[in-house]
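I opened the notebook to record what I looked up in this structure. The entries follow the order in which I went through it.

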Amino acid sequence: MFLREHLDFAALARHQEKLLAFRDAHYLTAVLGFLLAYIAIVAFSLPGATVATLAGGYLFGLFPGVLLNVFAAGTGAILLFLAARAGFGATRSSLAEGKGIAARLAGRLRENEWSVLFLMRLVPAVPFFLANLIPALIGASLWRFAVTTYLGIIPGGIVFTSIGAGLGDVFARGETPNLGVLFTPPVLLPLLGLAVIAALPMVLKLLHKEV
């Protein structure tokens, strides 16, 4: 909450010259510092993950920027998942042993773990921090969570990193980046297509049970 003023687009614009100068003078240190900062932002659910993704594209270009962004966001998500899983220990046990609506819902989610985890990453409507906490609550597999996280955030990571790579022109015009591009048909439709593919095994399993 208190870092909100320091982890926004305006802050990135204010410090762009210093950031670029530091990157040019100490490239490997800049990469390591960026990774650690981004991982901390996600792991502690701090504001600024989107700005960090844009910064990755701005400082390091689409490549290797997208690789750095995906690695940092995915690693931070795994750390948050592990912390949440430890904190939800008693709740997870009650869901696993209970017979209420919440327990049945958690059981259904676990039955379709791959599909559910991929859907939470691919559908833009699911906030990133919730996509880290919900799997921990239902007792999802760490391996499946890690795989679906790293792979599932690649499409969105490419879009936002490419926006960040073009921030030089945006700064020069004194404008702010158009993040609404994620919800335009050329971007949204492929994401929804991937979401449909991810949901297909779950739908087929449901149809098979009904038959």
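The entries below go from the whole chain down to single residues.

**Entry 1: the whole chain**

I noted before anything else that this is a predicted model. I then looked up the helices and strands: the protein chain has 13 helices and zero strands. Read from the N terminus, the order of elements is α-α-α-α-α-α-α-α-α-α-α-α-α.

I looked up how much of the chain is buried. Of the 211 residues in the protein chain, 40% are buried. The accessible surface of the chain is about 11,700 Å², and carbon and sulfur atoms account for 71% of that surface.

I also checked the contacts between residues with a separation of 6 or more. In the protein chain, 77% of these are between residues 24 or more positions apart.

**Entry 2: two helices that cross**

At what angle do the axes of helix α8 and helix α10 cross? I found roughly 35 degrees, with the axes coming within 9 Å. Helix α8 covers residues 113-122 and helix α10 covers residues 142-152. The crossing of α8 past α10 is right-handed. On the α8 side, I listed E113, W114, L117, F118, R121 and L122 as making the contact. On the α10 side, the list is W143, R144, F145, V147, T148, T149, L151 and G152.

**Entry 3: salt bridges**

How many salt bridges does the structure hold? I found two. I wrote down the general point that side chains of opposite charge can pair when their charged atoms come close.

One salt bridge joins R144 and E113, whose closest N and O atoms are 3.6 Å apart. This pair links distant parts of the chain, since R144 is in helix α10 and E113 is in helix α8, 31 residues apart. I looked up both partners for exposure. R144 has a relative accessible area of 30%, so it is partly exposed. E113 has a relative accessible area of 6%, so it is buried.

The side chains of R23 and D24 also meet in a salt bridge, at 2.8 Å from N to O. Is R23 buried or exposed? R23 counts as buried because its relative accessibility is 18%, and buried means under 20%. D24 has a relative accessible area of 56%, so it is exposed.

**Entry 4: a nonpolar patch on the surface**

I looked for nonpolar residues on the surface. L62, F63, L67, L151, I154 and I158 form a nonpolar patch there. Together they have about 570 Å² of accessible area. The elements that give two or more residues to the patch are α5 (62-87) and α11 (154-165). Which element gives the most? I noted α5, with three residues.

I then took L62 by itself. L62 lies in helix α5, and L62 is partly exposed because its relative accessible area is 41%.

**Entry 5: backbone details**

Where is there a cis peptide bond? I found it from F63 to P64, with omega near 15 degrees. P64 lies in helix α5, and F63 is one of the residues in the nonpolar patch of Entry 4.

I also looked up S45. Its phi is positive, about 50 degrees, although S45 is not a glycine. S45 lies in the loop between α3 (27-43) and α4 (49-60). With a relative accessible area of 41%, S45 is partly exposed.

**Entry 6: residues far apart in sequence**

I checked two pairs by the distance from C-alpha to C-alpha.

- T50 and F160 are 110 residues apart in sequence and 7.8 Å apart in space. T50 lies in helix α4 and is partly exposed, with a relative accessible area of 37%.
- G168 and A13 are 155 residues apart in sequence and 9.4 Å apart in space. G168 is in helix α12, which covers residues 167-173, and G168 is partly exposed, with a relative accessible area of 33%.

**Entry 7: going back over the notes**

I reread the entries and marked what to find again on the display. Helices α8 and α10 appear twice in my notes: their axes cross at roughly 35 degrees, and the salt bridge of R144 and E113 links them. Helix α5 also comes up twice, as the element that gives the most to the nonpolar patch and as the helix that holds P64.

Conventions: Residues are numbered from 1 along each chain as its sequence is written. This is a predicted model: local features need pLDDT of at least 70, side-chain atom pairs count only at pLDDT 80 or more; totals for chains, interfaces and linings use all residues. Side-chain values use heavy atoms; hydrogens and water are left out. Patches are made of residues with over 30% relative accessible area and no salt bridge: like charges are joined within 9 Å, nonpolar side chains (Val, Leu, Ile, Met, Phe, Trp, Tyr) within 5 Å. Accessible areas come from the Shrake-Rupley method with a 1.4 Å probe; for residues, only the protein chains shown count as cover. Helices (H or I, at least four residues) and strands (E, at least two) are DSSP runs, numbered from the N terminus. Buried means under 20% relative accessible area, exposed over 50%, partly exposed in between (1.4 Å probe, protein chains only). Axes are lines fitted to C-alpha atoms, for helices over the stretch in contact, and angles run from 0 to 180 degrees between N-to-C directions. A crossing is left-handed if the near helix is turned anticlockwise from the far one by less than a right angle, and right-handed if clockwise. Contact means heavy atoms within 4.5 Å.
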